[in-house]
Amino acid sequence: MHLYFFLFLILQNIGTIYYRGIETGKAKSIQFERILIDTNFSQGYQIKSADLNGDGFTDLVAVSTRMPEIYWYQNPSWEKHLLYDKTRNNIDIAPIDVDGDGDIDLALASRFNLGNSTQGGYIHWLENTRGAVFWKEHFIDSIPTSHRLRWADIDGDEKDELINLPIIGRGAERPDYDQGVEFTYYKIPETPTVSPWSKHIIDTSLHMAHGIQLVQGEGSRWTLLTASFEGVSLFTPPETGVGNDWTRTHLGAGHKGMRPGQGSSEVGLGQLPANEKFIATIEPWHGNEVVTYRPGGAGRLWKRQVIDTSFNDGHALICSDLDSDGVDEIIAGHRGKDYHLYYYQFDQRDLQWIRHNIDQGGMSTAGLCILDFNQDGRMDIAAAGSATNNIVLYENLDKK
């Protein structure tokens, strides 16, 4: 019943919205102030937000695939602090209070190498040591090419689990990458600094799984959207909250092409008028298209609509209500020249998606996060640039 109830909620009001992508339009644009946080962050990859020093302000923390250093930036001065530098090929971080002491810690995926699917993929958690030179490292597991980390309560025990989505399966090789991904989660033990973390397999059927989106399900439980060669899939945990009997529902077809140029690469979930949900993606893997999906009816794939084909190495996408009108925007960027970060706004009058520039030429967008850094009620955007080697905050100046 859980899966069907969830799908009923997400599929309601289908058929009410039709749209197409356009370059300019009549919807009121949102203004941003570009705040340069760091101009010397080599090969920036992922950026996340959390209150790391417990002062009530949301800070930023970022990782690079080139540098061993993990830095955090203190809000509001954005002073740069070294957090840790004993790992390499850092690919993702996920903040949470792991040990329950009131401090925000970090889960970390490192030793990433897409060209070696038999080694590396270390998962650690870094213990917040509050004032010590370095945070303390604790090993969790190793799955080659571990790539995306998230925290969510997926078994209904009112405690978050660590979700690990590797990008390819063990032994997979280009161009087909035809070994299944070891999609996994871990439970925090009672004594996380010394006890092993129990490991649970969610699925092994995906290939080239590049994107993941948490989706609120029933109660405190979460479901998972993924972007892979297979397109967009929804994973729903078992009713009992235990075991590995997850349900996978195929929602989006993805880009049709030869591997590795197929499927979906990034995925986000947003809301349109009349409570209609939509899915946004970048396609294919590291692709050129920004795509939206809307519900297609019970038992049918969601309807695919390409709204932009101009991306070069598309790599970051997120959905958020930037103008506080109850309808989400799509924020997306690409790493390749000529570097762009855009947001796409749904025009409720013309029923069209309108593309707006946030940054043109100054942000090779590899990672994005949303935060309200100044607590003014508006959602701001932070981005990590790979080729531009920078960290930038875009303050939302929209008048509510």
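**Exercise 1. Find the partner of the glutamate 230 side chain, then place glutamate 230 in the chain.**

Step 1. The side chain of glutamate 230 makes a polar contact with the side chain of serine 228, at 2.9 Å. A polar contact is a pair of N or O atoms within 3.5 Å; within protein, one must be able to donate a hydrogen and the other to accept it, and residues adjacent in sequence count only if both atoms are side-chain atoms.

Step 2. Glutamate 230 sits in the loop between strand 16 (222-228) and strand 17 (231-236). Strands (E, at least two residues) are DSSP runs, numbered from the N terminus.

Step 3. Glutamate 230 is buried, at 16% relative accessibility. Buried means under 20% relative accessible area (1.4 Å probe, protein chains only).

Step 4. Not counting residues up to four places away in sequence, glutamate 230 touches Ser205, Leu206, His207, Arg248, His250, Gly252, Ala253 and Arg259. Contact means heavy atoms within 4.5 Å.

*About the model.* This is a predicted model: local features need pLDDT of at least 70, side-chain atom pairs count only at pLDDT 80 or more, and totals for chains, interfaces and linings use all residues. Residues are numbered from 1 along each chain as its sequence is written, and side-chain values use heavy atoms, with hydrogens and water left out.

**Exercise 2. Describe the setting of asparagine 128.**

Step 1. Locate asparagine 128: the loop between strand 9 (122-127) and strand 10 (136-142).

Step 2. Check exposure. Asparagine 128 has a relative accessible area of 5%, so asparagine 128 is buried.

Step 3. List the polar partners. The asparagine 128 side chain reaches the backbone oxygen of leucine 52 at 3.1 Å. A polar atom of that side chain also lies 3.0 Å from the backbone nitrogen of arginine 130.

Step 4. Add the contacts. Beyond four places in sequence, asparagine 128 touches Leu52, Asp103, Ile104, Asp105 and Trp135.

**Exercise 3. Describe the largest nonpolar core and one of its members.**

Step 1. Count. The core has 24 residues. A nonpolar core is a set of buried Ala, Val, Leu, Ile, Met, Phe, Trp, Tyr and Cys residues joined through side-chain atoms within 4.5 Å.

Step 2. Name residues with the most contacts inside this core: among them are Ile140, Trp151 and Met208.

Step 3. Name the elements. Strand 7, strand 8 (105-110), strand 9 and strand 11 each give two or more residues to this core.

Step 4. Look at methionine 208. Leaving aside neighbours within four places in sequence, its contacts include Ile167, Tyr177, Phe229 and Trp285.

Technical notes
Helix = DSSP H or I, 4+ residues; strand = E, 2+ residues; numbered from the N terminus. Buried < 20%, exposed > 50% of the residue type's maximum accessible area, 1.4 Å probe, protein only.
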